Amino acid sequence: YAFINFVSEAELARFKSVYVGLKLSEDSPKVCAVVDAKVQGKAKNVDFYRNSTVMGMDEKYHPVLLENGNRLPFPRPTRPVGPVQRRPPRVGGQMKH
């Protein structure tokens, strides 16, 4: 999934018109959905994720900031991040209990 901070309502509407309900692969039953995030705004999302456990994971899982198509450095954590909690493996799309 992705968090996208749109610069206008018009850009959001254009994005939704293309991606809502789109299947990215014929091999998957999943379709794209667009929903509001719990945290709104670029600055608030950066503040939230810079101190998230995701920052303790391999860099390929770190959040990415893009501006005008250019990748920007993601700010380093301001405090020690906790350990990553692994989810139980999924079996047939369902979590194992």
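A residue is called partly exposed when its relative accessible area lies between the buried range, under 20%, and the exposed range, over 50%. In this predicted model, K42 is partly exposed at a relative accessible area of 36%.

**Salt bridges**

Side chains of opposite charge can pair when their charged atoms come close. The count here comes to 2 salt bridges, set out below.

| Pair | Closest N to O distance |
|---|---|
| E11 and R14 | 2.9 Å |
| K42 and E67 | 3.5 Å |

K42 in helix 2 and E67 in strand 1 stand 25 residues apart, and their pair links distant parts of the chain. E67 is partly exposed, with a relative accessible area of 40%. E11 and R14 both belong to helix 1 (residues 9-19), where a spacing of 3 residues separates them by about one helical turn. E11 is partly exposed at 31% relative accessibility, whereas R14 is exposed at 54%.

**A buried arginine**

R50 lies in helix 2, which covers residues 42-50. R50 is buried and has no salt bridge; D47, the nearest side chain of opposite charge, is 4.2 Å away. That distance falls outside the salt-bridge limit because the rule requires the atoms to be within 4 Å. A polar atom of the R50 side chain does lie 2.9 Å from the backbone oxygen of R76. Beyond its neighbours within four places in sequence, R50 is in contact with residues including M55, F74, R76 and V81.

**An unusual backbone angle**

Most residues other than glycine have a negative phi. N68, however, has a positive phi, near 55 degrees. N68 sits in the loop between strand 1 (65-67) and strand 2 (70-72), and is exposed with a relative accessible area of 75%.

How values were computed:
Residues numbered from 1 in each chain as written. Predicted model: local features only at pLDDT ≥ 70, side-chain atom pairs only at ≥ 80, totals over all residues. Heavy atoms only, no water. Helix = DSSP H or I, 4+ residues; strand = E, 2+ residues; numbered from the N terminus. Buried < 20%, exposed > 50% of the residue type's maximum accessible area, 1.4 Å probe, protein only. Lys, Arg positive; Asp, Glu negative; His and termini not counted. Polar contact = N/O pair within 3.5 Å; in protein donor to acceptor, adjacent residues only side chain to side chain. Contact = heavy atoms within 4.5 Å.
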